[in-house]
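Biologist: I've got a new model open on my screen and I'd like to learn how to read it. Can you walk me through it, feature by feature?

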Amino acid sequence: AGYLTKGSDFDEMIKAIKQVFSGHKYISPAVAQKLALSAVQDNESPVESLSRREMEVLMKISAGKSNREIADELHLSPKTTSTYRARLLEKLGVSNDVELTKLTIQYGLDSSDK
């Protein structure tokens, strides 16, 4: 009914035992902080790890642009654009442009011809 870290001091152990004995739950502040931080990190959007250029390419893909159109608009070679597309698929764990577009919708990104 209670959680402590191995490094908890004697006073904290007594406090936890008393609280659990009285019918309550106890989580040490150190454990609570670890739980809170892991929850925040687990909810982090996968697109937050993308570079600015990867984000630009993602937005153009989700707006329905072809590889050639993206290359022309961003002043890149089609091969470079293709490399960005492959990186996006790998980083975001998807297998095609439709799934990339779904991610932009899921995370509330505006893909209106960017």
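Modeller: Let's start with a term we'll need: a salt bridge is a side-chain nitrogen of Lys or Arg within 4 Å of a carboxyl oxygen of Asp or Glu. Keep in mind that what you have here is a predicted model.

Biologist: Okay. How many salt bridges does the structure hold?

Modeller: There are 8 of them. Before we pick through them, let's get the layout.

Biologist: Sure. In what order do the elements of the chain run from the N terminus?

Modeller: The order is β-α-β-α-α-α-α-α, which comes to 6 helices and 2 strands. Of the 114 residues in the chain, 28% are buried. And if you take the contacts with a separation of 6 or more, 49% of them join residues 24 or more positions apart.

Biologist: Now a pair of helices. How are two packed helices described?

Modeller: You give the angle between their axes and the distance between the axes. Take helix H3 (residues 52-62) and helix H5 (residues 78-92): they pack at about 95 degrees, and their axes are 10 Å apart. Angles of 65 to 115 degrees count as roughly perpendicular, so that is how H3 sits relative to H5.

Biologist: Which residues make that contact?

Modeller: From H3 you have Arg 53, Glu 54, Val 57, Leu 58 and Ile 61, and H5 brings Tyr 84, Arg 85, Arg 87, Leu 88, Lys 91 and Leu 92. Sorted by class, the contact has 6 nonpolar residues, 5 charged ones and no polar ones.

Biologist: Let's look at the charged side. Which residues form salt bridges with Glu 54?

Modeller: Two from that list. Arg 87 is one of them, with the closest N and O atoms 3.9 Å apart. Arg 87 is in helix H5 and Glu 54 in helix H3, so this pair ties together parts 33 residues apart in sequence. Lys 91 is the other, and here the closest N and O atoms are 2.8 Å apart. Lys 91 also lies in helix H5, so its pairing with Glu 54 ties together parts 37 residues apart in sequence.

Biologist: Is Glu 54 buried or exposed?

Modeller: Buried, with a relative accessible area of 2%. Its partners are partly exposed: Arg 87 has a relative accessible area of 40%, and Lys 91 is at 42%.

Biologist: What about Arg 85? Which residue forms a salt bridge with it?

Modeller: That's Asp 97, with the closest N and O atoms 3.0 Å apart. Asp 97 lies in helix H6 and Arg 85 in helix H5, so the pair ties together parts 12 residues apart in sequence. Arg 85 counts as buried at 14% relative accessibility, while Asp 97 is partly exposed at 31%. Salt bridges can also join up: Arg 52, Arg 53 and Glu 56 are linked in a network of them.

Biologist: And the greasy part? Which residues of the largest nonpolar core touch the most other members?

Modeller: The core has 15 residues, and the ones with the most fellow members in touch are Val 57, Leu 58, Leu 88, Leu 92 and Leu 100. H3, helix H4 (67-74), H5 and helix H6 (97-106) each give two or more residues to this core. Leu 100 touches Leu 58, Ile 61, Leu 88, Leu 89, Leu 92 and Val 94, leaving out residues up to four places away in sequence.

Biologist: Ile 61 turned up there too. What is Ile 61 in contact with?

Modeller: Beyond its neighbours within four places in sequence, Ile 61 contacts Ile 70, Arg 85, Leu 88, Asp 97, Leu 100 and Thr 101. Ile 61 is buried, with a relative accessible area of 4%. Look at Asp 97 in that list: Ile 61 and Asp 97 are 36 residues apart in sequence, yet 6.7 Å apart in space, C-alpha to C-alpha.

Biologist: Let's finish with the loops. Where is Ser 28, and is it buried or exposed?

Modeller: Ser 28 sits in the loop between strand S2 (26-27) and helix H2 (29-42). At 0% relative accessibility, Ser 28 counts as buried. Setting aside neighbours within four places in sequence, Ser 28 is in contact with Tyr 3, Leu 4, Thr 5 and Glu 12.

Biologist: And what about the loop between H4 and H5?

Modeller: His 75 is found there. His 75 has a positive phi of about 55 degrees although it is not a glycine, and at 73% relative accessibility His 75 counts as exposed.

Note on methods
Residues numbered from 1 in each chain as written. Predicted model: local features only at pLDDT ≥ 70, side-chain atom pairs only at ≥ 80, totals over all residues. Heavy atoms only, no water. Axes fitted to C-alpha atoms, helices over the stretch in contact; angles between N-to-C directions. Helix = DSSP H or I, 4+ residues; strand = E, 2+ residues; numbered from the N terminus. Parallel < 35°, antiparallel > 145°, perpendicular 65-115°, else oblique. Contact = heavy atoms within 4.5 Å. Nonpolar A, V, L, I, M, F, W, Y, C, P; charged D, E, K, R; others polar. Core = buried A, V, L, I, M, F, W, Y, C linked by side-chain atoms within 4.5 Å. Buried < 20%, exposed > 50% of the residue type's maximum accessible area, 1.4 Å probe, protein only.
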